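Good morning, and thank you for making time for this item. I should like to take you through one fold, beginning with the sheet and ending with the helices around it.

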Amino acid sequence: MTAQEKLAGRISQGYHICVGLDTDINKIPEHLNNRKNPVLDFNNEIIRATADSAAAYKINFAFYEKDGLKGIENLLATIDMIPDDILIIGDAKRGDIGNTSKMYAEAVFNTFGCDAVTLHPYMGIDSVAPFIDFSDKISFVLVLTSNKSAADFEKLSLADGEKLFVEVLNKSNSWNVNNNVGIVFGATNPEELAVYSHHFNEMPVLLPGVGAQQGDLSKVLKIFRDQKKENFIINVSRGLIYAGKGEDFAEFSRNELNKYNNIVKSA
């Protein structure tokens, strides 16, 4: 299955919540620390508990790369655990140029086997092209992010009075000739989302910021539903995977995911 088919399949079932596997050994339930591989066991239980109703999984590479070879092994093993019909987003936020960008693309898509990736676009098309050359994958371009200091650059006004992130949005649309470019738009920016979502066109949208960053899920859903748009997924990481602290932690995560799914379906 292509990345587009995986995403469309889950959305068609009404699933829009992406589970973020930003696994931190300092935050997982204490009883797992007695295991040979606490991080991998944690991920395995979370995936098994949520796979039937997750829209996608987003794996933040930094949480694994920090542990060197062992972390890379855990990253690869975690990807292998995810069912073949679910979109896997490699949250690597790459953004280099030339052969370096090409090597990053081959690593994310061929070596790690991810279906999608997050990208910094600020070096222009040179930093994005090697990824969008993979027409059966999805490249999520950072347009307006969920962090507070996004305003430092992303909301700067250009000579024509428009914001910088709007130009990135327009460029992303122009790059989407093979229907394999998506965007990242933070759920913590509901005002901008309401204004500019009309310009998302057919691009899939990844929305971080709901949960620990306190993005308003109901506002996000209203914006998309008012426009009768379904091509979006909402990432929840810490607020979902750390919902429980005991031996039944995975069941708490499953229940939390179901709560989000019920909110989405009732919107």
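What follows is a short tour of strands, selected residues and helix contacts. Please keep in mind throughout that this is a predicted model.

Let me begin with the sheet. In what order do the strands close into a barrel? There are 8 strands, and the order is β1-β2-β3-β4-β5-β6-β7-β8, with parallel pairing. From one strand to the next, the twist averages 30°.

I will now look at one part of that barrel in detail, namely β3, β4 and β5. Strand β3 covers residues 87–94 and runs parallel to β4, to which 3 bridges join it. Within this pairing, Gly90 stands opposite Val117 of β4. On the other pairing, β4, residues 116–119, and β5 are parallel over 4 bridges. Here Val117 appears again, with Ser139 in β5 as its bridge partner. Val117 thus has Gly90 opposite it and Ser139 as its partner in β5. As a general reminder, the strands of a sheet pair through backbone hydrogen bonds, whether parallel or antiparallel.

Let us take the two partners of Val117 in turn. Gly90 belongs to strand β3. Is this glycine buried or exposed? Its relative accessible area is 0%, so Gly90 is buried. Leaving aside residues up to four places away in sequence, Gly90 touches Ile59, Phe61, Cys114, Ala116, Val117 and Thr118. One of these, Ile59, is 31 residues from Gly90 in sequence, yet the two C-alpha atoms are 5.3 Å apart in space.

Ser139, the second partner, lies in strand β5. Its relative accessibility is 0%, and Ser139 therefore counts as buried. That agrees with the strand as a whole: β5, residues 138–144, is mostly covered, with 7 of its 7 residues buried. Which residues does Ser139 touch, not counting those up to four places away in sequence? They are Phe109, Val117, Leu119, Phe131, Ile132, Asn180, Val181 and Gly182. Please remember Phe109 and Phe131 from that list, as both return in a helix contact.

That contact is between α5 and α6. Helix α5 spans residues 98–111 and helix α6 residues 125–132; their axes come within 8 Å and cross at roughly 35°. The crossing is right-handed. From α5, the residues involved are Gly98, Ser101, Lys102, Tyr104, Ala105 and Phe109, and from α6 they are Asp126, Ser127, Pro130 and Phe131. By character, the contact between α5 and α6 comprises 5 nonpolar, 3 polar and 2 charged residues. Phe109 and Phe131 therefore belong both to this helix contact and to the surroundings of Ser139, given that contact means heavy atoms within 4.5 Å.

A second helix pair is formed by α2, residues 38–50, and α4, residues 68–81. Their axes come within 10 Å and cross at roughly 15°. Because of that angle, α2 is roughly parallel to α4. The crossing of α2 past α4 is right-handed. Val39, Leu40, Asn43, Asn44 and Ile47 of α2 meet Asn74, Ala77, Thr78 and Met81 of α4. This contact of α2 with α4 divides into 5 nonpolar and 4 polar residues, with no charged ones.

The third pair is α9 with α11, the latter being residues 249–266. The two pack at about 35°, with axes 10 Å apart, and α9 passes α11 in a right-handed crossing. Leu217, Leu221 and Arg225 in α9 meet Tyr260, Ile263 and Val264 in α11. Of the residues in the contact of α9 with α11, 5 are nonpolar, none is polar and 1 is charged.

I close with a residue from helix α8. Pro190 is found in α8, which covers residues 190–196. With a relative accessibility of 17%, Pro190 counts as buried, since the cut-off is under 20%. Which residues does Pro190 touch, not counting those up to four places away in sequence? They are Lys219 and Ile223. From Ile132, Pro190 is 58 residues away in sequence and 28 Å away in space, C-alpha to C-alpha.

To summarise, the parallel barrel has 8 strands, and Val117 of β4 links to Gly90 and to Ser139. Thank you; I am glad to take questions.

Key. Residues are numbered from 1 along each chain as its sequence is written. This is a predicted model: local features need pLDDT of at least 70, side-chain atom pairs count only at pLDDT 80 or more; totals for chains, interfaces and linings use all residues. Side-chain values use heavy atoms; hydrogens and water are left out. Axes are lines fitted to C-alpha atoms, for helices over the stretch in contact, and angles run from 0 to 180 degrees between N-to-C directions. A crossing is left-handed if the near helix is turned anticlockwise from the far one by less than a right angle, and right-handed if clockwise. Ala, Val, Leu, Ile, Met, Phe, Trp, Tyr, Cys and Pro count as nonpolar, Asp, Glu, Lys and Arg as charged, and the others, Gly among them, as polar. Angles under 35 degrees count as roughly parallel, over 145 as roughly antiparallel, 65 to 115 as roughly perpendicular and the rest as oblique. Buried means under 20% relative accessible area, exposed over 50%, partly exposed in between (1.4 Å probe, protein chains only). Two strands pair if DSSP finds at least two bridges between them.
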